[in-house]
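Q: I'm new to this structure and would love a close look at one part of it. Could you pick a single piece, take me through it slowly, and then show me what is found elsewhere in the chain?

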Amino acid sequence: MRLPALAQPAILLFAALAVVGCNRGGEFVPRTTAVQSGGLDQTSAPSSAVAERLRQLRRQGQFEAFVSEALLPHESSTSPELRLLELEALLASGRNAEAEGTALELAEMARAADDSSRLHEALKLWVLARFRQAKSLDDPRVRDFVARLPNEDGRADLLSYWLEAFRDRAPYRMEGPLELEPIGRASSEQDSVPAELCAIAARVNGVEMPTVFIDTGAQHTLLTAGAAREAGVRLGAVSTHLVGFAGLEARPGVIDSLQVGPLTLHDVPVLVGQSVPLVATGGQLTLGLDIMHQLRFTIDYPAGQAFVQPAQQPARTHSESWTVGVWTFPQACLCNVSVKTGSGRAIIDTGDRRGTFVSSRWARRHLTGYRVADAGLIFKFKSRDLVIEQLELGTRTLSNWPVVDTFPNSLERLDVADVLLGHDLLSSYVLTIDLLGRELQLRDSTAAPPDTAAISIEGRRQTGEVAE
């Protein structure tokens, strides 16, 4: 989560597992989709040139073109670099079952080439694909691959833990009603951080967790060390480093039962660590993107109420909704944004109370009047007076959109996203997080017609406006 008072966006948890998403309409992108104008002829181009082209599309936020081109047949099918990009594209288009097979093929190629780094990456993505399908990790080939990873660098430890924990059982086994049901609110004061972010209450192994955040900016579900002890969560001996606006060490564990509203998930993978921002806000648990592949959340921010139903159930559609297509890559749930001078990668973060942040790399190219801030040993938010003149996001355009600050160096180096939007965007909407449908729906809580809907963020928004 965040620094005290949640003055910053969410931790982006990039560590334990190492891609998912969609086109705007939510349909799978077929392998035979034609290359867009200006693309490379993949039947003749060298694999290095094709790979660089694909990486460039992904960096620019051109996710639909990235997926389409990565899944085209090409002669360099034995290139590990291209197979990894193909694997990411399969996950990015929701084709998790196919991703399983591709991950194992890539692992075999890496094993034959004695490439432990590529082998580790392939196995992480295999685990990710299995977890997203709520499947066990019982596969002797994978155990053999993990046994071949170097012991001295600890790469195999976390994978070995998950393989053992889910060898003979499937994660996220669910029981409860299929309909959309309300979730109990967090026990928090009005205008507090939990109330503002619409925190909920949940139960871990039958123990009440009074303050739980639904966080699209977090890759993994995170439980505080104190809450884990109280709930008797079984932990592994290994630890992993989580990187984001704040860093921490976390250990893997398994929650026997996680109750969210009327739904209960059994055998839930979790990371346990002492997140200072989460503890500072009185929170015990952050529900990350991994859970959102199993549960679909709807958050009514003006009413301060959240709802839940199984993600496999058909999502409700609203004609007045503002829809944003998302691509749930392993590092983050990303969407495409466009400005007058180009495009970029954005995160819509339900755990960000503070406002919009941008990458300094992206700001240099696209924000008028941007200047690099003075370097400091400690990341602090600064008043930068930055504004995005026009930001196309899904089916609408944000005009004169204020920017709080740029990313800290730790996130800048990861080069995963260019823009992060939070409570400043969401606070007047009813948000439905539909990762299986690969879209976010934002609906005006007053049910205003689309041509008159507008964002009202009160004092925090100041100059921000929305145009159709």
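A: Two strands count as paired when DSSP finds at least two bridges between them. Keep that rule in mind, and also that this is a predicted model, as we look at a hairpin made by strands E18 and E19.

Strand E18 covers residues 386–393 and is joined to E19 by 7 bridges. That is well within the rule of at least two, and the two strands run antiparallel. To find the pairing by eye, look for Gln390, which stands opposite Ser399 in E19. In general, strands of a sheet pair through backbone hydrogen bonds, in either a parallel or an antiparallel way.

Now follow the chain around the bend. The hairpin has 2 residues between its strands, and Gly394 in this turn has a positive phi of about 60°. Beyond the turn comes strand E19, residues 396–403. Is E19 enclosed or open to the outside? Of its 8 residues, 7 are buried, so the strand is largely enclosed by the rest of the structure. Buried here means a relative accessible area under 20%. Across the protein, buried residues make up 58% of the 468 residues.

The hairpin also leads us to the nonpolar interior. Leu393, in E18, is one of the residues with the most contacts inside the largest nonpolar core, along with Leu223 and Phe297. This core has 130 residues, and H5 gives the most to it, with 9 residues. A separate core of 6 residues lies apart from this one, with Ala186, Val193, Ala199 and Leu278 among its members. For a sense of the company a core residue keeps, take Leu223: setting aside residues up to four places away in sequence, Leu223 touches several others, including Val204, Met209, Val233, Val270, Leu271 and Leu285.

From the hairpin, let's move on along the chain to helix H13, residues 409–414, where Glu412 lies. Glu412 has a relative accessible area of 9%, so Glu412 counts as buried. Leaving out neighbours within four places in sequence, Glu412 is in contact with Ser359, Ser360, Arg361 and Phe407.

Charged pairs deserve a look of their own. Side chains of opposite charge can pair when their charged atoms come close. How many salt bridges are there in total? The count comes to 27. One of them links Glu196 and Arg353, whose closest N and O atoms are 2.7 Å apart. Glu196 belongs to helix H8 and Arg353 to the loop between strands E16 and E17, so this pair ties together parts that are 157 residues apart in sequence. Glu196 is buried, at 18% relative accessible area, while Arg353 is partly exposed, at 24%. Glu412 comes back here too: salt bridges with shared partners join Arg345, Arg361, Glu412, Asp415 and Asp418 into one network.

Another salt bridge joins Glu100 and Lys135, at 3.1 Å from N to O. This pair links distant parts of the chain, with Glu100 in helix H4 and Lys135 in the loop between helices H5 and H6, 35 residues apart. Glu52 and Arg55 form a salt bridge as well, also 3.1 Å from N to O. These two lie in helix H1, 3 residues apart, or about one turn of the helix.

Finally, step back to the wider fold. The protein has 15 helices and 24 strands. Among the strands, 6 form an open sheet in the order E2-E12-E11-E22-E23-E13, with antiparallel pairing. Strands E2 and E13 are at the edges, each pairing on one side only, and the twist averages 20° from one strand to the next. At the E13 edge, 4 bridges join E13 to strand E23, and Trp322 stands opposite Leu442 in E23.

Definitions and conventions. Residues are numbered from 1 along each chain as its sequence is written. This is a predicted model: local features need pLDDT of at least 70, side-chain atom pairs count only at pLDDT 80 or more; totals for chains, interfaces and linings use all residues. Side-chain values use heavy atoms; hydrogens and water are left out. Axes are lines fitted to C-alpha atoms, for helices over the stretch in contact, and angles run from 0 to 180 degrees between N-to-C directions. A salt bridge is a side-chain nitrogen of Lys or Arg within 4 Å of a carboxyl oxygen of Asp or Glu. Buried means under 20% relative accessible area, exposed over 50%, partly exposed in between (1.4 Å probe, protein chains only). A nonpolar core is a set of buried Ala, Val, Leu, Ile, Met, Phe, Trp, Tyr and Cys residues joined through side-chain atoms within 4.5 Å. Contact means heavy atoms within 4.5 Å.
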